[in-house]
Amino acid sequence: MFTLSTPSGERSYHHGDLRQALISSALEILSEGSVAGLSLRAAARRAKVSAMAPYRHFADKEALLAAVAEYGFRELTARFTAAAAAAPDPRAALAALGVAYVVFAREEPSLFKLMFGPAIETKSAHPALDEAGRACFDALRRAVEAAEFFDGDADLQSVSLACWSLVHGLASLIIDGRLMAEDAGSAEAIATRLTRLMSDAFAALGETRGKAPALI
């Protein structure tokens, strides 16, 4: 255990606490602006530690951004889990995941853009971020599988991608100001309508095809 040697008025952290404090500071900065305003120096200043302190845990700015994006994916996965648990049946659970996705983007637009945007140039260099992103998509894929629109696994990836494309596109339109709430209702209401529409469409297609495999 150690404490940072910092000028008077700056905080001291136990080993391991500093990393989380910097991530929390970065999240605060994101909530107030955009990725452009987030840096190691800014996070250190917000956490009230020296400008060199972040380098104990992050090699560079991208490493900090990756840790923040990882947090975002884990938070989104947790919301998926809660939404599915509250749904009355698997197909309602899938729709609830879509709503949760859009609501998350509306509530955390800068974090959402960091997670999916180009700010982290070498995402493959950050295994924990990659793992968190995969876990998030796997939660969606499991929800699609549980909905049982079609027999077999042939359509699973395609349906999962279609669902993700719908909610991601909708979320992007909303947070970019391309879809005004007064035109179509709240983000949650829009997401509820569209996810139900997609679910009903897949269900009808499954019935028409007699649940035959190979959607594409």
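Visitor: What makes the approach of Asp89 to Arg91 at the start of helix 4 a polar contact?
Guide: In this predicted model, a side-chain oxygen of Asp89 comes to within 3.1 Å of the backbone nitrogen of Arg91. The cut-off for such an N or O pair is 3.5 Å, so this one qualifies.

Visitor: How do you know that the length of helix 4 fits its residue count?
Guide: Helix 4 covers residues 90-107, and at 1.5 Å a residue its 18 residues should span 26 Å. Its end C-alpha atoms lie 25 Å apart, so the two agree.

Visitor: Which helices do the buried residues of helix 4 pack against?
Guide: Helix 3 (61-86), helix 5 (109-116), helix 6 (127-147), helix 7 (156-175) and helix 9 (187-208). The buried residues of helix 4 include Leu94, Leu97, Tyr101 and Phe104.

Visitor: Why is Cys136 called buried?
Guide: Its relative accessibility is 5%, and buried means under 20%, so Cys136 makes the cut. Cys163 is buried too, with a relative accessible area of 9%.

Visitor: How many disulfides turn up in the whole structure?
Guide: The search finds 0. To count, a pair of cysteine sulfur atoms would have to be within 2.5 Å.

Visitor: Why is Lys48 called partly exposed?
Guide: Lys48 has 45% relative accessibility. Buried is under 20% and exposed is over 50%, so Lys48 falls in between. Lys48 sits in the loop between helix 2 (40-47) and helix 3, and has a positive phi of about 65° without being a glycine.

Visitor: What is the phi of Glu148?
Guide: Positive, at about 55°, although Glu148 is not a glycine. You'll find Glu148 in the loop between helix 6 and helix 7.

Key: Residues are numbered from 1 along each chain as its sequence is written. This is a predicted model: local features need pLDDT of at least 70, side-chain atom pairs count only at pLDDT 80 or more; totals for chains, interfaces and linings use all residues. Side-chain values use heavy atoms; hydrogens and water are left out. Helices (H or I, at least four residues) and strands (E, at least two) are DSSP runs, numbered from the N terminus. The expected span of a helix is 1.5 Å times one less than its number of residues. Buried means under 20% relative accessible area, exposed over 50%, partly exposed in between (1.4 Å probe, protein chains only). Contact means heavy atoms within 4.5 Å. A polar contact is a pair of N or O atoms within 3.5 Å; within protein, one must be able to donate a hydrogen and the other to accept it, and residues adjacent in sequence count only if both atoms are side-chain atoms.
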